[in-house]
Amino acid sequence: MNSRRKRNSIRKAAAIEDLVEPRKVKHVTQAAAGMEEWIGSLNNAAIHMALDEFMRRPMVRQLAKENGINDKLFIRAFKSFREYCTPEDLSSVDPGLLILMSDISKGGKDCEMLYPFFLDHSKQVFPHLEAMDDLRIISDLTRPHNWYPEARSIIRKIFFHAGPTNSGKTYHALKRFGEAKSAVFCGPLKLLATEVFNRTNALGIPCDLVTGEERRFAKDNHHPSQHLSSTVEMLSTQMRVEVVVIDEIQMLRDEQRGWAWTRALLGAAADEIHLCGEPAAINIVKKLLEPIGETVEVRYYDRKSPLTIADRAIESYSNIEPGDCIVCFSKRAVFFNSKKLEENGIKPAVIYGDLPPGTKLAQAAKFNDPDDECNVLVATDAIGMGLNLNIRRVIFNSCTRQTELLPTYAALQIAGRAGRFGTAYANGVATTMRKEDLGTLKTILAEKVEPITNVGIAPTYDQIETFSFHLPQASFVRLLDLFVSVCSVSDHFFICTVYDMRELAVLIDQVPLPLKVRYTFCTSPLNTDDKRTAAVFVKMARRFATGQALTYEWLMDMLEWPPKPASTLSELSLLEQNYEVLDQYMWLSMRFPDMLPDEPRVRDASKILDKMIQDGVEGFMSLLAVGPGDNSDSREKRLSRPSEEKLAKSASEKPTRKSSILEALLKRTDISEEDLDQLREELNKKKKKP
């Protein structure tokens, strides 16, 4: 879900009047004997005059607002009401309305008496008006504590293990996890959940594993263990245990996944809840638990090994040393720095978000192995949690992420990975690649981390389902929009996941699926920015809608299996996309095993693909050498100035025709092909200007 982190999910909800579509009210001929006698010479001109006067009355507007019809919606409803009242054949209009119109035109009745007819018509055109009070009650998210009756039936003890990275806070919480008769560990990543699963079983304590994509048992599915390690989203709020450990509790503030930590905090049905995380989360945790009368015992931990900020930046790749980790904020930057290290005779290990778990673990193992030649690591901020790495120096390639300055809490989390207690690199150092960034890093790290003030929350399926009963004609996309528009949230919360769900819902909006199935498909962790994986997602939904099983053969045929080994970066990227598709299949199979019956075979295929990606990363430098068309970072390429010989040579190469000037520029200044495309675009725009 890396792409989703690029977007701010706390968006301003659209007003409901911008979301609802008016329904067409059909004209039905009203048979009424002697109608002409009652309405006399009433015509459309007289009706228009009465309606114009009706619309201008302040009392009418006031009554409309009291019934949920604001000024914008009033104009839309009035336009429809006017059309209904003035057809070519008046026999299709309600006789009672026509008689009233006739009396108004004769001066016998006031035009405000039209309001009951207008309100009735408005509710037909905009059905949500009829159920507005019910919709507001259903979408009330101000009291999420009440969603978890099992947890509310327990007098829970809350322990907050607070401290920085490498302080031992999680170690102490896991110690209590192992001592308990029954316990659940909730981690931020499946890598971390798997690590706890392996360690607990190695200690002789049977422990099962549950992530979004798989379930593994210490014994078998007929004999579940009393201990469970899981990703935080997979916590069951109905399962009663003695201890629950929730790691990285500060993730409450995360714009996409924060809801899962809020749900775990409020809904975990355990006698003891052990929270691990930053001190910045202490106050908000206390505020969230205050309404249910639960108190928090805080245990503070200091960092076990020193962390210092260097006085000098690295500046040159020749200054890179064993145990160094260059932290980048894009895959392109990872590629660029890896290539530069190779040019300086250093073979790095590589870790970034799109790599499968097996590949990440393999690269981490190579870096941690003192006998392996890969003693330098290039990674994205994915290393901030979930992997045990023996890092001496964390080197920030940049102090910005997606054009924004790194927040202090993120910089501290990354810098804190330097130095690991009990290893050869116990003393950690943080610095920057470029001299001009060092002052910025020092400023960021010196700032106090602001206490978390609000946390993520998400509506439940039951709320969405009940909401849909009142709006049976609304599509799922429109349903989500209306829910966000109508719902109420207290000051301590913000809505997340709904916007991610909406992106997937748009893709399958025309696919006929039951609401529960559609909801489940739209909560899957899929990268919607990648067109290929998005297309496969739609194909999966369409096949599901036909009632045909999503078999191994069908999936492999769609992916053109078996894949070819990667010989370029684009081919490596294709393997990563295929892995994400297989991951998506396994995620859906956990929820619809009858419709996706071949999970074991797909898992075997994912292991093969993981190994192929590992091999591709092992041959990383040969992939980088294929040319500028692959995913290297063009901006960072320009940091490396071309040699004087190259400049002289390219300067002497005079273009023989106008069309070759751009190519000469490419040779002369090491501009990327992407920059060339942008240059062509700008030139074309200038030509079009008068």
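Student: Let me start from the definition: two strands pair if DSSP finds at least two bridges between them. With that in hand, how many bridges join strand β2 to strand β6?

Tutor: There are 4 bridges between β2 (residues 183–187) and β6 (residues 241–246), and the two strands run parallel. Keep in mind as we go that this is a predicted model.

Student: Noted. Which residue in β6 is the bridge partner of A183?

Tutor: A183 is bridged to V243 of β6.

Student: And what is the strand order in the open sheet of 8 strands?

Tutor: The order reads β4-β3-β5-β2-β6-β7-β1-β8, and the pairing is mixed.

Student: Why is one side of β4 and of β8 left without a neighbour in the sheet?

Tutor: Both stand at the edges: β4 (215–216) and β8 (296–300) each have a single partner strand, so one side of each has no neighbour in the sheet.

Student: Okay, other sheet. What's the order in the open sheet of 6 strands?

Tutor: That one goes β9-β16-β13-β10-β12-β11, with parallel pairing. The edge positions belong to β9 and β11; each has a single partner strand, so each has one side without a neighbour in the sheet. From one strand to the next, the twist averages 20°.

Student: Over how many bridges do β9 and β16 pair?

Tutor: Over 3 bridges, in the parallel sense, with β16 covering residues 428–432. Within this strand pair, T308 stands opposite V429 of β16.

Student: Which strands does α16 touch as it packs on the sheet?

Tutor: α16 touches β9, β10 (324–328), β13 (393–396) and β16, and its direction makes about 140° with that of β13. Helix α17 (residues 435–446) packs on the sheet too, touching β9, β13 and β16. The direction of α17 makes about 130° with that of β16.

Student: Let's switch to pockets. How much space lies in the second largest pocket?

Tutor: About 1,400 Å³. Its lining has 48 residues, and N166, S167, G168, T170 and Y171 are the ones nearest its centre.

Student: Which elements give two or more residues to that lining?

Tutor: They are α10 (169–179), α11 (190–202), β9 (307–309) and α16 (408–415). Of these, α10 gives the most, with 7 residues. So you meet β9 and α16 again here, in the lining of the second largest pocket.

Student: How do the lining residues divide into nonpolar, polar and charged?

Tutor: The lining has 21 nonpolar, 16 polar and 11 charged residues.

Student: You mentioned N166. Where is its place in the chain?

Tutor: N166 sits in the loop between β1 (157–162) and α10. Its backbone is worth a look: N166 has a positive phi of about 70°, although it is not a glycine. E315 also has a positive phi of about 70° without being a glycine. You'll find E315 in the loop between β9 and β10.

Student: Which residues does the cis peptide bond join?

Tutor: W561 and P562, with omega at about 0°. P562 is in the loop between α23 (552–558) and α24 (569–591).

Student: Now enclosed space. How many cavities of 30 Å³ or more turn up in the whole structure?

Tutor: A search finds 2. The largest cavity has a volume of about 60 Å³. It is lined by 10 residues, with K347, P348, V617, E618 and F620 nearest its centre.

Student: Which element supplies the largest share of that lining?

Tutor: β11, with 3 residues. At least two residues each come from β11 (348–351), α25 (599–618) and α26 (620–624). By type, the lining has 7 nonpolar residues, 1 polar and 2 charged. You may remember β11 as an edge strand of the sheet of 6 strands.

Student: Last one, helix packing. At what angle do the axes of α5 and α7 cross?

Tutor: Roughly 105°, and the axes of α5 (residues 71–85) and α7 (residues 115–125) come within 9 Å. Angles of 65 to 115 degrees count as roughly perpendicular, so α5 is roughly perpendicular to α7.

Student: Which residues make the contact?

Tutor: From α5 they are F74, A77, F78, S80, F81 and Y84, and from α7 they are F117, F118, H121, S122 and V125. That contact divides into 8 nonpolar residues, 3 polar and no charged.

Terms used:
Residues are numbered from 1 along each chain as its sequence is written. This is a predicted model: local features need pLDDT of at least 70, side-chain atom pairs count only at pLDDT 80 or more; totals for chains, interfaces and linings use all residues. Side-chain values use heavy atoms; hydrogens and water are left out. On a 1 Å grid over the protein atoms alone, a cavity is a set of points where a 1.4 Å probe fits but cannot get out, and a pocket is an open set with protein on both sides within 12 Å along at least five of seven lines; lining residues have an atom within 4 Å of a point. Grid points are joined across faces, edges and corners, and a volume is the space filled by probe spheres set on the points. Ala, Val, Leu, Ile, Met, Phe, Trp, Tyr, Cys and Pro count as nonpolar, Asp, Glu, Lys and Arg as charged, and the others, Gly among them, as polar. Axes are lines fitted to C-alpha atoms, for helices over the stretch in contact, and angles run from 0 to 180 degrees between N-to-C directions. Angles under 35 degrees count as roughly parallel, over 145 as roughly antiparallel, 65 to 115 as roughly perpendicular and the rest as oblique. Contact means heavy atoms within 4.5 Å.
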